Amino acid sequence: MRITGISTHVVGTPWRNLTYVRVHTDEGLTGVGETRMLGRTDALVGYLREAEAHHLRGSDPFAIEDLVRRMKYGDYGRAGEIVMSGIACVEMACWDIKGKALGVPVWQLLGGRVTDRVQAYANGWYTTERTPEAYHKAAQEVVARGYQALKIDPFGTGHYELDHERTRYAVSLIEAVRDAIGPDTELMLEMHGRFSPATAVRLARELAPFRPAWLEEPVPPENLKALKKVADKVDLPVATGERIHDRIEFRELFETQAADIIQPDLGHIGGILETRKLAATAETHYVLVAPHNVGGSVLTAASLQLAACTPNFKILEHFNDFADAEITKVVRGAPQVDPETGCFTVSDAPGLGVEFDVDAAAEFPQTQARFDLWAEGWEQRRPR
């Protein structure tokens, strides 16, 4: 079997574009992969066009390790977000092809499953007015749908510092959410790399009474010593990693023991096997894995393949019940959260267990998507 070419399909929403890559073979099997880029979709599509000519056409889709190595290192330049995202889309699609050809799910090819259910946590649910009353109601709706965990960034446009008035308001939002969801639902606290270490520590202590399940990206991701400074001073688990695009770059994070939970994005870090290798390394450091998952249903399906065979997998982020829920129609067999358990059921279907619908995708053309965390009202995900 050989790869004959690829086709790319960009599905647009007001705040994000989702890029789907279909890998075609001479035996008629097609696989699909996905990533979500912010502001770099055209660059990704351009890279994939070059990669198709240089690396993909004529390659064996079963030889995934070799294909990833050539795409990552064969152009000599250091692979960053765009290249690693392109690799991820192709890599996922090749696993999809391999699973379909052999009649087994991808998790079966990666050592077999250790679980058949994966807990989900909701994100993208607070796209309403930024008031305690509105957040209380929205959080109740999340729990009513069966979710037993949800995440929120209550800090508005905070950057490095957050004054007393805005701190009190953020606390009021979290208080309203905790009241809505009760004591047992997990509440993840997102900081989006906004703050200085001192501010992050202060806010963590202010919000500790509401028992956050973790403190996510409290400082910008480039300086791991700053992250360790926070980790050493708070009593909450620290989570980070969505903006690290090469598993090798996690080495220093593990060495400093600055994080309890890592959040690689399968769509940015080279795909399923690259993330599985990273998870194995994390396990040797007693670190849990909770992937960043802000894409659509193919990325969710790929993340679930990883979850099924990863002993230190904690929980999976899910946007598509709340933000742009209509885009799930572009994927047949899209994973769904069980309203009784708040979990995904791991699929036994071959490959990734989903199929991309080209005709449905055509209903969502690429947009000039914009997502600016420093703009007022960013959380509503409706850019002007």
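In which segment is E379 found? E379 lies in the segment after α12 (358-361), and the tour returns to this residue at its last stop.

**Before starting**

The model is predicted, so that local features need pLDDT of at least 70 and side-chain atom pairs count only at pLDDT 80 or more, while totals for chains, interfaces and linings use all residues. Residues are numbered from 1 along each chain as its sequence is written, and side-chain values use heavy atoms, with hydrogens and water left out. Helices (H or I, at least four residues) and strands (E, at least two) are DSSP runs, numbered from the N terminus.

**Stop 1: the sheet β1-β2-β3**

Select β1 (3-12) and β3 (30-37), together with strand β2 (residues 17-25). These three strands form an open sheet in the order β1-β2-β3, with antiparallel pairing. Two strands pair if DSSP finds at least two bridges between them. β1 and β3 stand at the edges with a single partner strand each, so one side of each has no neighbour in the sheet. On average, and with direction ignored, neighbouring strands of this sheet are turned by 20° against each other.

Begin with the pairing of β1 and β2, which are antiparallel and joined by nine bridges. Select V10 and then T19 in β2, which stands opposite. A further pair to display is S7 with its bridge partner in β2, R22. The hairpin that joins β1 to β2 passes through four residues.

Continue to β2 and β3, which also run antiparallel and are joined by eight bridges. Here V21 has G33 in β3 as its bridge partner. β2 and β3 form a hairpin with four residues between them, and G28 in the turn has a positive phi of about 90°.

Is β2 largely enclosed by the rest of the structure or not, and why? Seven of its nine residues are buried, so β2 is largely enclosed by the rest of the structure. Buried means under 20% relative accessible area, exposed over 50%, and partly exposed in between (1.4 Å probe, protein chains only).

**Stop 2: helix α1 and the loop after it**

Add helix α1 (residues 41-56), which lies across β1, β2 and β3 and runs at about 175° to β1. Axes are lines fitted to C-alpha atoms, for helices over the stretch in contact, and angles run from 0 to 180 degrees between N-to-C directions. Contact means heavy atoms within 4.5 Å.

Next, select S59 in the loop between α1 and α2 (64-73). S59 has a relative accessible area of 6% and is therefore buried. Leaving out residues up to four places away in sequence, S59 touches M1, R2, I3, L67 and R70.

**Stop 3: two helices that cross**

Display helix α3 (residues 81-102) and helix α10 (residues 272-284), whose axes come within 8 Å and cross at roughly 100°. α3 and α10 are therefore roughly perpendicular to each other. Angles under 35 degrees count as roughly parallel, over 145 as roughly antiparallel, 65 to 115 as roughly perpendicular and the rest as oblique.

Which residues make the contact? They are E91, M92 and W95 of α3, and I272, L273 and E274 of α10.

**Stop 4: strand β4 and its partners**

Select strand β4 (residues 117-122) and strand β14 (residues 343-345), which pair in the antiparallel sense over three bridges. Q119 has C343 in β14 as its bridge partner. Then add strand β11 (residues 316-318), which runs parallel to β4 and is joined to it by three bridges. In this pairing, Y121 stands opposite E317 in β11.

**Stop 5: H292**

E317 also leads to H292, because H292 is among the residues whose contacts include it. H292 is located in the loop between β10 (288-289) and α11 (297-308). Its relative accessible area of 6% means that H292 is buried. Residues up to four places away in sequence aside, H292 touches R36, E242, Q263, P264, D265 and E317. The side chain of H292 makes a polar contact with the side chain of E242 (3.3 Å). A polar contact is a pair of N or O atoms within 3.5 Å; within protein, one must be able to donate a hydrogen and the other to accept it, and residues adjacent in sequence count only if both atoms are side-chain atoms.

**Stop 6: return to E379**

Is E379 buried or exposed? At 4% relative accessibility, E379 counts as buried. Select Y126 as well: the C-alpha atoms of E379 and Y126 are separated by 6.8 Å, although the two residues are 253 residues apart along the chain. Neighbours within four places in sequence aside, E379 is in contact with Y126, T127, R130 and Y135. The side chain of E379 also makes a polar contact with the side chain of W378 (3.5 Å).
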